[in-house]
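Visitor: Hey, can you walk me through this one? I'd like to start with the surface.

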Amino acid sequence: MSSQIVRIYGIPMDLGQSRRGVDMGPSAIRYAGLSDRLRALDYLPIDSGNLVVPQAEQAYEQYDSHANARYLPQVASICRDAYEQITGALQPGERAIFLGGDHTISIGTVAAVRQRGRVGVLWVDAHADMNTPETSPSGNIHGMSVAALLGDGPAALSEISGHRPALVAEDVAMIGLRNLDLAERQRVARSGMRTFTMRDIDERGLYTVAQELLAGFAHCDTLHISLDLDSCDPTFAPGVGTPVPGGLSYREAHLLMEILADTGRALTVDVVEVNPVLDDGNRTAKLAVDLVASLFGQRIM
Ligand SMILES: [Mn+2]
């Protein structure tokens, strides 16, 4: 029996936020043994290398300080490249892993996987990434990704796939939330999307919350997991740009991935915001590899 293909794409984007080093995320995750782990699970990894992303120093020439969307033309262009490369290569039913880079990459990757049918998107994150340039306190686009996918904010971001919105609120859920701006809370509430905060997990437990979130994806063909490592507690995932205390425990994060794996429908995943410059001995990248292994079927027994 031939092994199932897993395509790997690195998108070393660091223009969507202000901490340097997240562009080294794809290398850190590869060094942590991603392909070997996939082979051990009997997959055939096919690594397409990294997309070309300009260094921030190069991109600074086109920096528009008035738009409150830092590096908007460059971020949009890279997301479009990612969208085109992924839609051109990914075959129906194939699995894929998209290595960030910051969470702006998902504007391209989610738009691409949404071409494969009704794909539910689970946003695993401490933050909602639901700002627009009008509401963002920082102008960092990594905090605008979901808003863009839902059709809000600059057209350069929201129309990557040629049709807007790339994603509808019924097809997305968020888990791990614990740090939202006021305007984001209002936008989340208006959108009607399903959210599962850390308080929900504290009160009802990860298992119950995971069953609820899966029930909400019953109408979807397959699932895409957008895994921001800042969803995990910074005590064991320190290598992220915007750590927030009180995150998913080690076992909660793995249990979520294991429950998603059991569905057999979680085919694609973003692994974003791993920053080896801020990390402690590459442990956040190693955690990322462990979580992907659980998502793709590694079991305790
Ligand atoms: Mn995020």
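Visitor: How much area does the protein chain expose, and what share do carbon and sulfur atoms supply?
Guide: About 11700 Å² is exposed, with 51% of it from carbon and sulfur atoms. Those areas are Shrake-Rupley values with a 1.4 Å probe, and for residues only the protein chains shown count as cover.

Visitor: Any caveats?
Guide: The model is predicted, so local features need pLDDT of at least 70 and side-chain atom pairs pLDDT 80 or more, while totals for chains, interfaces and linings use all residues. Residues are numbered from 1 along each chain as its sequence is written, and side-chain values use heavy atoms, leaving out hydrogens and water.

Visitor: OK, what percentage of the residues is buried?
Guide: Buried residues account for 57% of the 301 in the protein chain; buried means under 20% relative accessible area (1.4 Å probe, protein chains only).

Visitor: Switching topic: what coordinates the manganese ion?
Guide: H103 through ND1, plus D125, D129 and D228 through OD, at 2.0 to 2.3 Å. Donors are N, O and S atoms within 2.8 Å of the metal (3.2 Å for Na, K and Ca); water is not among the atoms, so sites may look incomplete.

Visitor: Where do D125 and D228 sit?
Guide: D125 is in the loop between β4 (119-124) and α6 (145-149), and D228 is in strand β7 (residues 222-228), so the pair ties together parts 103 residues apart in sequence. Helices (H or I, at least four residues) and strands (E, at least two) are DSSP runs, numbered from the N terminus.

Visitor: Are those two buried or exposed?
Guide: Both D125 and D228 are buried.

Visitor: And how many helices and strands?
Guide: The protein chain has 12 helices and eight strands.

Methods. Buried means under 20% relative accessible area, exposed over 50%, partly exposed in between (1.4 Å probe, protein chains only).
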